[in-house]
Amino acid sequence: MKQILTTILVSLVVSGTAIGLYHVSLGRQQAEALPLPTEGIPEADDFAVQVTHRSMPGLAASEAPVDFLGAASKAMPAVVHIKSYQSYSRNSYDPFYEFFGMAPRKNNSSQHTSSGSGVIISSDGYIVTNNHVIKDADELTVIMADNRSYQATVIGTDPSTDLGLIKIQEQDLPTLELADSDQAQVGEWVLAVGNPFSLASTATAGIVSAIGRDLEIIKDQMAIESFIQTDAAVNPGNSGGALVNLEGRLLGVNTAIASPTGTYAGYAFAVPANIVKKVVTDLKQYGSVQRAFLGIRSARPLTGSMARKMGIPLTEGVLIEGVAEFGGAYKAGVKAGDIVVSIDGIKIRNDAKLLELVGRNRPGDIIDVKVYREKVYKTFKVTLTNEDGTTEILAPARNETLNFLGVEIRALTQTEMNRLGVERGILVSKLYAGKLRQETEIKENFIILKLNGQSVSDVDSLTKELEGYQGTLQLTGFYPRYNRLFTYSLELEGPGAKEEGSPE
């Protein structure tokens, strides 16, 4: 796996006026991404996706060519085009502003537009996409296959899997049913459906060419990578789109490509549907992903040479090198030197699959961990924990108004309050596409002290106060770096006030 990274360029497949690419060395040369064409590409409406079925005389049904009509007819209406709008400004430096602890002034504002895809996973408007498609957006527009257009709100994101969940206000939408990605097999036919280069509703075909692929492209400390690899053509703009099997079920969410140019060169990668299902369920229910931990400090995939040195009859699995004291694995009896061969009956070939299977659970869940130890197999029931070593579900405050504002908040910890010298405070931990980004200059890490001039003591009281709020909203507080108070004001008409379902 490590050698793969030295010979390819891995690119997140989102298109726009600027595209973030992962560059890795190609021998003695440095790979450079080719710029995407900005002129001469016909409008998306000039293209029509057409699938033609041709029968061949003399062939029995079992010998007939593969038919993608059914899969395409299910997938196309449920895959949407996502446009992300981001405002950029050049900051004008003023030493007096810095001296008096004031935020820098902004000018020369401009807007950047990028493009990706998404998959409708419930008829009431929930759409799964990639985190990198919606990250840093001030506004999100969702365009359906029939050209209906909607403004979307962000329900939550998970950088560790590069997934995000957004929602539009609509009912009775076409959806894609999720497949069991554990049943994916190398060689099976798949369709990739998305909006490459903003060419709306495009389908390409290929096969699953590998499973459990770990590329180390997700830059998150707790990243889970166990990609489904395919040779279906995927390009910038396919990010967040659907990889479907011949039954028309969602097998994965297209996320990245391996290429020396930044465009399709034979390999694409999708987040498996079983990871998608867990992440989406958590984001809908809790607003954040409930990450489970096995309690292993270090581990590495077993190789043939390692097995020979250890004198064991295995060539696949994960060697446990360190176990965290008082973690779930330690309490269950798992030891350093054990080789994990399966979890809940699913075979473990490498550490990517191990992280995937553990990550599909929540704190408090109990899993069966089968290990090879001293020439015998043992199975342990391990209770998974959260990052703090407990089985508690940790979730941020959420309601419809907070979603509309595009903000995630939490109470300051006692350690943070001591460091900042305050007795209370509510932290703006995340900002998404929403009203606050669109109409104010508020930034993440802002600490709210007052709502409409009244002190707020805890998250629950602020959340209740905001529920269904309409009128002028004022948030007063400070940033840790600036020794002064800031007040942000905006007019709040309430969630869903914007007309939905209008043509673009």
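How many salt bridges does the structure hold? I counted 18 salt bridges. I was working from a predicted model.

**Entry: Glu316 and Lys347**

I looked up Glu316 next. Glu316 forms a salt bridge with Lys347, and the closest N and O atoms are 3.0 Å apart. I then checked where the partners sit. Glu316 is in the loop between helix H6 (304-310) and strand S19 (318-323). Lys347 belongs to strand S21 (residues 346-347). They are 31 residues apart, so I noted a link between distant parts of the chain.

Are these two buried or exposed? Neither word fits. Glu316 counts as partly exposed because its relative accessibility is 30%. Lys347 has 47% relative accessibility and therefore also counts as partly exposed.

**Entry: Glu356 and its partners**

I moved on to helix H8 (residues 351-359), where both Glu356 and Lys353 lie. They are 3 residues apart, about one turn of the helix. The two form a salt bridge, with 3.3 Å between the closest N and O atoms.

Which side chain also meets Glu356 in a salt bridge, at 2.8 Å from N to O? I found Arg360 there.

I checked burial as well. Both Glu356 and Lys353 are buried. For Glu356 the relative accessibility is 2%, which is why it counts as buried; the cut-off for buried is under 20%.

I then traced the connections outward. A network of salt bridges links Asp182, Lys353, Glu356 and Arg360.

**Entry: the nonpolar cores**

I turned to the nonpolar side chains. The largest nonpolar core has 37 residues. Val128, Leu163 and Leu176 have the most contacts inside it. Which elements give two or more residues to this core? I listed the helices: H2 (69-75) and H5 (273-286). The strands are S7 (126-130), S11 (163-167), S12 (189-194), S15 (242-245), S16 (250-258) and S17 (267-272). H5 supplies the largest share of this core, 5 residues.

I picked Leu176 for a closer look. I left aside its neighbours within four places in sequence. Leu176 is then in contact with Lys74, Ala75 and Ala78. Val119, Ile120 and Ile121 are also contacts of Leu176. The remaining contacts are Ala242, Val244, Gly248 and Leu250.

Apart from this core lies another, of 26 residues. I noted some of its members, among them Ile409, Leu451, Val456 and Tyr488.

Terms used: Residues numbered from 1 in each chain as written. Predicted model: local features only at pLDDT ≥ 70, side-chain atom pairs only at ≥ 80, totals over all residues. Heavy atoms only, no water. Core = buried A, V, L, I, M, F, W, Y, C linked by side-chain atoms within 4.5 Å. Buried < 20%, exposed > 50% of the residue type's maximum accessible area, 1.4 Å probe, protein only. Helix = DSSP H or I, 4+ residues; strand = E, 2+ residues; numbered from the N terminus. Contact = heavy atoms within 4.5 Å. Salt bridge = Lys/Arg side-chain N within 4 Å of Asp/Glu carboxyl O.
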